[in-house]
Every structure is written in C-alpha cells, then in structure tokens.
Amino acid sequence: MITKLGKISGGQFYISLLLTNTVFIFTLSDLSVAPNELLLSLIPLLISMAISLFMFYFSYSVAEKSGKSVVEYIENKNKALANLFKAIYLFYFLYSGSLILLSYTKLFVTSVNRSAVMWFIILLMCLSCIYSGVKGLEALSRACVIIFAFLIITVLLVTAGNFTYFNFDNLRTMNSKENQLDNAVFYIAAGFLPSASAVLINRVKNNSFAKATLWQGVSYIVAFVLVISTVLVLGSFSITQQYPVFSLSQTTGFSLFKGADGLAFALITFVTFIGLSLMTICFNNTVSKEQSKLSTVLSVFLVFVLSLSATFSDAVFSFVFNKYILFSLTELTGLVIPFVSYLMKRREKGA
Amino acid sequence: MRKTVITAMLILITAVFSGCSQTGIEQRGIIEGVIIDNTDKLDISYTFSMFDESEDSKDSLKTIKAKNIEDALLSLEKATGKISFWGQCEYIVLSFGTFDNAYDMLKFFIDNNKIPPDITVAFGDKNAVELLQKEKQQPSLIISEAEKISSSNNKVRTTLMQLVSDYIDNKRVASVCLFKSESKSLICSQAVLQKK
C-alpha cells in the first residue's frame with residue numbers, strides 16, 4: 001500500500017525531535033560527567049545548541065527558498081551525487097535507530113529485569129515501530145504532543161521530588177574542565193535536529209527559524225534541568241552509576257510516594273518508541289516520495305539485524321556505541337551535505 | 001484483523017514489560033536490611049533481615065559468614081531456597097571502622113541498580129551490631145533514628161549517595177550516624193568516620 005506523504009506543523013516536528021534527544025539523556029552515561037561549576041555546565045549545552053542551530057540553518061534555508069528537502073533538492077540537480085548522499089543518510093538512520101534501541105535494551109536488562117532476553121525486547125520494539133512507521137509522521141507527531149506532556153510532568157516530578165536532597169556543595173566538588181569538550185561532542189552527536197531536518201523539513205508547514213530555536217531551547221532546558229538535578233542530588237555518586245538520571249528517579253519521594261523509576265522507565269519506553277519510529281520515517285522519506293510499507297519493514301528489519309548482531313558481537317556493539325562515529329555521521333548528514341546543497345542553491349541564485 | 005494484531009501485541013508487551021517473570025513472590029527472599037560486621041577482616045559476618053509475614057525475628061534474620069557479600073548471598077539462597085530480592089532493601093548497618101573499609105563494604109550496593117541511592121546507611125558499635133544480629137528491628141526505626149540525626153545536622157551523611165560522594169571527593173572525614181546499644185535498645189548519635 002502506498003500513501004502520499006502529508007505535512008505536519010513545525011511545533012509537532014520539533015517536539016518529536018526533542019523526544020528523540022531525550023532517549024540519550026536517560027540512557028547514556030555520559031551525562032554523569034558533570035562540571036565543577038554551575039556556569040561551566042551551561043557551556044557544552046550552549047555550544048551544542050548553537051552548533052545544532054547553525055547546522056540546521058542550511059537545511060532550513062534550502063527548504064525556505066525551494067520548498068524541497070536537502071535530499072530532494074540535490075536529486076533534482078545531480079542524481080549520482082544524490083544517490084551517494086542518500087546512502088549516507090540511510091546508514092545514519094539505521095545506525096541511530098540501532099543506537100536508540102540498544103541503549104534502551106541495555107538499560108532494560110541492567111536496571112529493570114536482569115533475566116530479560118535482549119533479542120526479544122529488540123524484536124518487540126521493532127514490531128511496534130513497524131506499526132507507527134506505516135501510520136506515518138502525522139500520526140506519530142500527534143502522539144508526540146501527548147508524550148511531551150508526560151515528559152514535562154515526569155521531569156517536574158523527579159526534580160521536585162528530590163528537592164530535599166539538593167546539595168549545592170556538589171556543584172563545587174565535581175569533575176574537571178577537561179570533560180567539557182567531551183560533553184559538547186556528546187550533546188552535538190545526540191542532536192537529531194540538523195540530520196532529520198535535512199530529510200523531513202519539506203513535510204513541515206508554517207515553519208520558521210524562530211520556532212526551531214524555541215524548541216531547541218526547550219530541549220536543552222529539559223537536559224539542563226535533569227543534569228543539574230542529578231549533580232545536586234547524587235553529586236560524585238553519579239560517576240559510579242551507569243544511568244545517573246534513572247538513579248535520580250529512584251530517589252524521588254513525596255511523603256508516602258517513594259521512587260519514580262517506574263514512571264521514568266515508562267517515559268524511556270515511549271521516547272525510545274518515538275525515536276525509533278522517527279528514524280524509520282526518515283528512512284522511508286529518503287528512499288521514497290510516498291509512505292511505503294515495504295521501505296518501513298525493510299528499515300525496521302535492518303535495525304533489528306544490526307541491533308541483534310550487536311548483542312552477539314562485542315565488535316559490533318562497540319561500533320554502534322562509538323560516540324565519535326555518531327558525531328562524524330551527524331556532522332556529515334547535518335552539516336556537510338546540507339551545506340553542499342546550500343552552496344548549489346546560492347550558485348543557482350547567482351546564475 | 002488489525003485489531004487482533006494490536007491486541008496480541010499489547011498483551012505481549014504488557015507481559016514482557018510489566019516484569020511478569022517465572023519467579024513468583026513466594027520464591028523470592030525479600031531483603032529489608034543488611035547488617036555487616038567486618039571487624040574480622042577474613043570472615044565478614046553478613047546478617048540479612050528478611051521480610052517475613054510471621055514476623056518471627058529468629059526466622060527472618062539470617063547470619064552468614066563469608067569472604068564477600070556475593071558468597072554470602074549464594075549461601076543465603078542455598079539455605080532459604082529463595083532468590084534474593086533487593087528492591088525493598090531499606091537500610092545498611094556497618095560496624096564502625098574506617099572510611100575506606102566502609103567504602104569497600106558499600107561497593108556491592110553502589111553497583112546494584114535495584115538499590116536506590118538514598119538507602120539509609122548507618123554504623124553500629126560492637127554491642128549495637130550484636131543486638132541487630134540477634135533481634136530483628138523494624139526498618140522504620142533505623143531510618144527514623146538516622147533521619148533525626150541528619151535533620152539536626154545536615155552535614156551528617158545518612159544515605160549511600162552522600163557517603164560515597166564524600167569518599168569520591170577525597171574528603172578525609174565524614175560525619176555519620178552511629179548506633180549504640182543501651183539496655184537492649186538502640187540509641188543513635190553522631191560520629192566521625194576517618195580515612196586511613
């Protein structure tokens with residue numbers, strides 16, 4: 001079955017990207033690398049936010065002037081080059097999808113249920129994503145608005161529920177400055193805004209750069225609140241924890257209510273589902289101009305195979321979890337390719 | 001057809017993700033607290049305060065001597081025939097010694113994701129530890145006593161995360177809650193734990 005691709009609002013698009021970024025806040029341990037001063041903790045976040053928006057500008061600019069996504073625009077100009085770029089995008093979406101899925105599976109088996117079988121969790125998530133992938137971006141973005149509300153409630157609950165444990169001395173005693181660069185690399189790598197926009201931006205109606213900046217800001221405020229709360233509550237203990245934000249949810253308490261780890265885990269399941277579905281939709285958008293069941297199933301199958309291989313082979317596992325590969329792919333898909341199309345557009349305008 | 005597939009998927013997801021597993025509640029040994037006496041370095045004495053509906057203090061306190069907590073847990077599981085469950089563990093009481101010893105004893109709890117970082121950690125003198133090993137105390141008693149001390153002085157470290165943070169931050173000393181036994185009852189006071 002083939003369905004024509006519909007459009008979604010800018011707010012819905014940016015919310016779905018915000019939720020995808022949230023997966024990494026909860027499931028990657030790099031956030032435990034906390035700064036030694038409150039001001040310094042803002043630096044990697046602000047650097048990565050500025051760089052992400054700078055990278056996004058090229059896709060935005062091409063779409064604003066031509067109404068086409070980066071991939072579509074290049075396809076009209078040079079088919080061979082477009083095919084090469086498409087291959088890079090497809091690889092990036094498969095890689096990111098596997099990373100999201102494996103991060104979630106790892107958290108599931110280490111923190112929730114040690115006896116759970118990894119391949120079965122991977123299979124179930126993949127099956128769920130076929131459904132959302134087939135339903136398309138419009139249905140997914142509507143669900144994102146509800147999950148975003150759930151995210152805000154959870155963040156507020158976890159932060160407020162830990163208020164009694166806030167220890168401002170922790171901000172002075174944490175790690176050194178050398179982790180700042182590492183942190184900035186991570187935040188940029190985990191930002192899907194430029195890469196996903198390069199493929200999906202033509203499906204966003206009433207788009208504006210201000211909207212993107214606003215939602216990018218919200219995304220980083222959520223990350224900042226969680227990182228700072230983790231530092232204030234757990235202090236250096238967060239270094240010992242594999243999932244510091246998840247540990248933070250365990251300490252949440254209001255009188256009789258104790259522990260919000262169940263709530264946090266539900267949220268992680270939702271955002272993983274959203275992230276994986278979004279990658280599937282991006283994959284579909286890259287290969288086809290219509291919503292196709294075949295490309296959705298194919299993308300989910302490839303993510304399943306890569307994730308499954310990673311559970312059996314250490315080499316594949318470390319390949320998927322290599323922060324610098326993710327960073328390079330993000331730079332390539334979010335900056336280099338959109339910049340090439342931006343230059344092509346400028347040259348066309350000049351001619 | 002579509003509804004059937006969605007229903008089947010929902011049932012599968014609920015069954016897997018809700019934590020329904022082969023181990024029933026009656027097969028689990030629910031640990032409420034641990035008392036560790038490491039005054040003898042070679043043979044550490046671990047007392048596990050187990051949840052027991054009958055509230056028989058003799059049945060619910062299991063003391064095992066072992067080289068480390070992993071070995072002690074294996075022996076506990078063999079003796080009770082139940083799989084240990086840490087999700088309800090509320091306190092750890094260690095025999096009073098040095099900060100380094102305490103950190104070594106707490107390593108297992110730091111790595112265990114089922115144990116919340118704000119679990120109560122207190123210390124006991126020889127008599128208090130002996131009393132805790134013989135008579136089961138309600139977790140609420142130990143927690144409330146520790147909370148009393150920490151509310152009177154916020155520098156007192158009464159949780160796992162506070163104590164471990166101080167150790168990682170290379171603090172030479174830490175104020176902790178120390179239980180003493182007086183006429184078969186526990187009295188909590190403030191004490192200073194020092195690094196070697």
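Select Lys171(B) to begin, and you will find a side chain that is partly exposed, with a relative accessibility of 31%. This is a predicted model, and the tour moves from this residue to its partner, then through chain B, and finally to chain A.

**The first pair**

Keep Lys171(B) on screen and add Asp166(B), because the two residues form a salt bridge in which the closest N and O atoms are 3.3 Å apart. Asp166(B) counts as buried, at 5% relative accessibility, where the cut-off for buried is under 20%.

**A pair within one helix**

Next, select helix H6 of chain B, which covers residues 139–152, and look for Lys148(B) and Glu145(B), which both lie in it. These two residues are 3 positions apart, about one turn of the helix, and they form a salt bridge whose closest N and O atoms are 3.3 Å apart. Which of the two is buried and which is exposed? Lys148(B) counts as exposed, at 53% relative accessibility, whereas Glu145(B) is buried, with a relative accessible area of 16%.

**All of chain B**

Now widen the selection to the whole of chain B, where you can trace 7 helices and 9 strands. The C-alpha trace of this chain spans about 70 × 35 × 30 Å along its principal axes, and of its 196 residues, 49% are buried. If you colour the charged side chains, you will have 24 positive and 26 negative ones, and the centres of these two sets lie 4 Å apart. With the surface of chain B switched on, about 10,200 Å² is exposed, and carbon and sulfur atoms supply 52% of that area. Among the contacts in chain B with a separation of 6 or more, 62% are made by residues 24 or more positions apart.

**Over to chain A**

Select chain A next, and follow its 16 helices and 6 strands. This chain has 351 residues, of which 58% count as buried, and it exposes about 13,600 Å², with carbon and sulfur atoms supplying 68% of the area. For contacts in chain A with a separation of 6 or more, residues 24 or more positions apart account for 85%.

**A link between two helices**

How many salt bridges does a search of the whole structure find? Over all chains there are 11, and one to select now is that between Lys77(A) and Glu348(A), whose closest N and O atoms are 2.2 Å apart. Lys77(A) lies in helix H3 (residues 70–77) and Glu348(A) in helix H16 (residues 323–350), so the pair ties together parts of chain A that are 271 residues apart in sequence. Both ends of this bridge are partly exposed, with Lys77(A) at 41% relative accessibility and Glu348(A) at 35%.

**A nonpolar patch**

For the last stop, select helix H14 of chain A, residues 293–312, and find Leu302(A) within it. Leu302(A) is partly exposed, with a relative accessible area of 32%. Add Leu298(A), Phe301(A) and Val305(A) to the selection, and you will see that, together with Leu302(A), they make a nonpolar surface patch of about 330 Å². Why can Leu302(A) count towards such a patch? Its relative accessible area is 32%, and a patch is made of residues with over 30%, so Leu302(A) passes that cut-off.

Note on methods. Residues numbered from 1 in each chain as written. Chains lettered and ligands numbered in written order. Predicted model: local features only at pLDDT ≥ 70, side-chain atom pairs only at ≥ 80, totals over all residues. Heavy atoms only, no water. Patch = residues over 30% accessible without salt bridge, like charges linked within 9 Å, V, L, I, M, F, W, Y side chains within 5 Å. Areas by Shrake-Rupley, 256 points an atom, 1.4 Å probe, with all protein chains shown as cover. Salt bridge = Lys/Arg side-chain N within 4 Å of Asp/Glu carboxyl O. Helix = DSSP H or I, 4+ residues; strand = E, 2+ residues; numbered from the N terminus. Buried < 20%, exposed > 50% of the residue type's maximum accessible area, 1.4 Å probe, protein only. Contact = heavy atoms within 4.5 Å. Lys, Arg positive; Asp, Glu negative; His and termini not counted. Charge placed at Lys NZ, Arg CZ, Asp CG, Glu CD.
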